[in-house]
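Colleague: Mind if I quiz you on the wording you use for this model? I'd like to see the reasoning behind each label.

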Amino acid sequence: MMRKERILIIDDDPDIRDVLDLSLSEHYTVFAAINGKEGLEMVKTKNPDLIITDYNMPVMNGPEFCRQMRHDILFRHLPVIMLTGKSETKDMVLGIESGADDYLVKPFEPETLLARIRMILKRTLRSLDANPLTHLPGNSSIMEEFQAHIDAGKPFAVAYADLDKFKVYNDKYGFERGDEVIRSLARILIDATQKLCGLEAFVGHIGGDDFVFICGDDKADAISQIIIDAFDTIAPSFYAEADRLAGFITGVDRQGNAIKVGLVSVSIGIVSNVNQKITHVAQIGELGAELKKYAKSIGKSNFQRDQRKK
């Protein structure tokens, strides 16, 4: 069964929310917020694929919602349709400039709205190299960032992060719970990199539970420690009480043997151009895989940095 795409409606008018829900719920999973501030919170918790927001609302209007959402790398690529009354069409330039992808004038035909939604979702999937689970940039964008940092010639670090003991967790708790863990790690990576590097840091999602972040070499160790501390703090919350108290779960390894494994942890391997010259993108991947493999062998959350000089 295909996953229904998720649409967040932000409108202070309950009648408009009802009309939109009736028009969309047959085709999409629909959520609703009553103003931009509440909408920002729901963007983080509901993981929508598209947002429909009113232009004029109390607390936070549509353009301000767009501006604030676009500041977050995790959500800046989410498509937004803005709704406006006929008397406000002159203000739509502001709506588009604030980050809306399209707009509709109220009242509108439901079929027109559905057609716009289908077009925007198709265009977004085609044009964005974004992971569907986290909306973080995917492999093409990651490679471009690697190359841009190599070309710039400044000190930088690339850190590969992924989850340990995750397969057994997924087998026991299911993919939906596993996806929650992956999204939690994505949020921790974003928060940690933005805390120390602002919007300059880059975070990408390679796939599955594999992530990468790029930052100044002098910040990489501190960011990695923040990630480890934050993840280890929330990791117990992913488990049922009995498993949490036991400190482990049982499962089977790839050979089918029964095993006990501890709680999920995160391993990070840091590649830097400070001690050695990095000349091509593949070099980063090779070094990162080697370092991450060593980090995973430690058995608990940790980061490892390449210290070799070349």
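Modeller: Here is a short round of questions on helix packing and then on the chain as a whole. The model is predicted, so local features need pLDDT of at least 70 and side-chain atom pairs count only at pLDDT 80 or more, while totals for chains, interfaces and linings use all residues. Residues are numbered from 1 along each chain as its sequence is written, and side-chain values use heavy atoms, with hydrogens and water left out.

Colleague: Why is α2 called roughly parallel to α3?

Modeller: Helix α2 (residues 36-46) and helix α3 (residues 62-70) pack at about 30 degrees, their axes 9 Å apart. That makes the pair roughly parallel, because angles under 35 degrees get that label (over 145 is roughly antiparallel, 65 to 115 roughly perpendicular, the rest oblique).

Colleague: And which hand does the crossing of α2 and α3 have?

Modeller: The α2/α3 crossing is right-handed, meaning the near helix is turned clockwise from the far one by less than a right angle.

Colleague: Which residues in α2 and α3 meet?

Modeller: From α2 it's G36, G39, L40 and V43, and they meet F65, Q68 and M69 of α3; contact means heavy atoms within 4.5 Å. By class that contact has four nonpolar, three polar and no charged residues, with Gly counted as polar.

Colleague: What makes a residue count as buried, and what share of the chain does?

Modeller: Buried means under 20% relative accessible area with a 1.4 Å probe (exposed is over 50%, partly exposed in between). Of the 310 residues, 48% count as buried.

Methods. Axes fitted to C-alpha atoms, helices over the stretch in contact; angles between N-to-C directions. Helix = DSSP H or I, 4+ residues; strand = E, 2+ residues; numbered from the N terminus.
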